[in-house]
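Q: Could you walk me through this structure, one piece at a time?
A: Gladly; here it is, and we can go from detail to overview.

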Amino acid sequence: LTVSDTCQAILSDTVGFIAKLPHHLIEAFQATLEELQYADLILHVIDASDPERNDHIEVANSLISRLCREGTPVIECYNKSDIAEDELFRRRGDAVAISAKTGEGIPQLLELIEKTLDRGMHHVKLLLPYSAAGLVDLLHQKAKVASLSYEDGGVAVEAVVDEQVFGKIRDYVVTE
């Protein structure tokens, strides 16, 4: 999924969480559920039109807390908001309401995904002198390099870097 020009994500759909999932289905979906421990973000899609959605949310939240790494961010995404009878879910500040059918709320969802995934990230333009060209390898290994070109003055790079890498390349950031 291309979230924005600097953020791409890989999506993995899991089995829907229901309170009494039969044992044979749990075993069949075990590998999918195990992927949750590696997730950088959980997008919890909820049927906003389901009158029993609060019970489903409780079951899913319980499983998410057991299966995910501690601190993994969760975005509650209320789908079918175009046909939901009540709109209490719209008052939740940490949630987004969408309609997969009409496209309503999709831009807000993508913005929230990008904001959540980019926490602590820096979007930078660099000009690395050729004497520091070894940092190009570091950027390829530890950052998301958007562009790279060899110029007269050095290596021009646009990248998204975390705090640790930013500390190593800070002196080469180009301010416009």
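Q: What stands opposite C77 in strand 5?
A: V96 is the residue in strand 5 that stands opposite C77. Helices (H or I, at least four residues) and strands (E, at least two) are DSSP runs, numbered from the N terminus. Residues are numbered from 1 along each chain as its sequence is written, and side-chain values use heavy atoms, leaving out hydrogens and water. The model is predicted, with local features needing pLDDT of at least 70 and side-chain atom pairs counting only at pLDDT 80 or more, while totals for chains, interfaces and linings use all residues.

Q: And what is the bridge partner of E76 in strand 5?
A: For E76, the bridge partner in strand 5 is A95. Strand 4 covers residues 74-79 and pairs with strand 5 in the parallel sense over 3 bridges, where pairing requires that DSSP finds at least two bridges between two strands.

Q: How many bridges join strand 3 to strand 4?
A: There are 6 bridges between strand 3 and strand 4, which run parallel, and D47 has N79 in strand 4 as its bridge partner. Between these two strands the chain passes through helix 3, making a β-α-β crossover that is right-handed; that term means that, with the strands pointing away from the viewer, the path from the first strand over the helix to the second runs clockwise.

Q: OK, in what order do the strands of the sheet come?
A: The order is 3-4-5, in an open sheet of 3 strands with parallel pairing. Strand 3 (42-47) and strand 5 (95-97) are at the edges with a single partner strand each, so one side of each has no neighbour in the sheet. From one strand to the next, the twist averages 25 degrees, with axes being lines fitted to C-alpha atoms, for helices over the stretch in contact, and angles running from 0 to 180 degrees between N-to-C directions.

Q: Is strand 4 mostly covered or mostly open?
A: Strand 4 is mostly covered, as 5 of its 6 residues are buried, and buried means under 20% relative accessible area, exposed over 50%, and partly exposed in between (1.4 Å probe, protein chains only).

Q: Switching to helices: which strands does helix 3 lie across?
A: Helix 3, residues 53-67, lies across strand 3 and strand 4, and runs at about 160 degrees to strand 3. Its buried residues are R53, I57, A60, L63 and I64. Seen down the axis of helix 3, these fall within an arc of 135 degrees, so they line one face of the helix, the arc being that of the directions from the helix axis to the C-beta atoms.

Q: What do those buried residues of helix 3 pack against?
A: They pack against strand 3 and strand 4, where contact means heavy atoms within 4.5 Å. On the other side of helix 3, N54, E58, S65 and R66 are exposed.

Q: Which residues of helix 4 are buried?
A: In helix 4, L109, I113 and T116 are buried, and, seen down the axis of helix 4, they fall within an arc of 70 degrees, so they line one face. The other side of helix 4 has P107, E111 and K115 exposed. Helix 4, residues 106-117, lies across strand 3, strand 4 and strand 5, at about 175 degrees to strand 4.

Q: Last one: where is K80?
A: K80 is in the loop between strand 4 and strand 5, and its phi is near 65 degrees, a positive value in a residue other than glycine. Most residues other than glycine have a negative phi. K80 counts as partly exposed because its relative accessibility is 35%.
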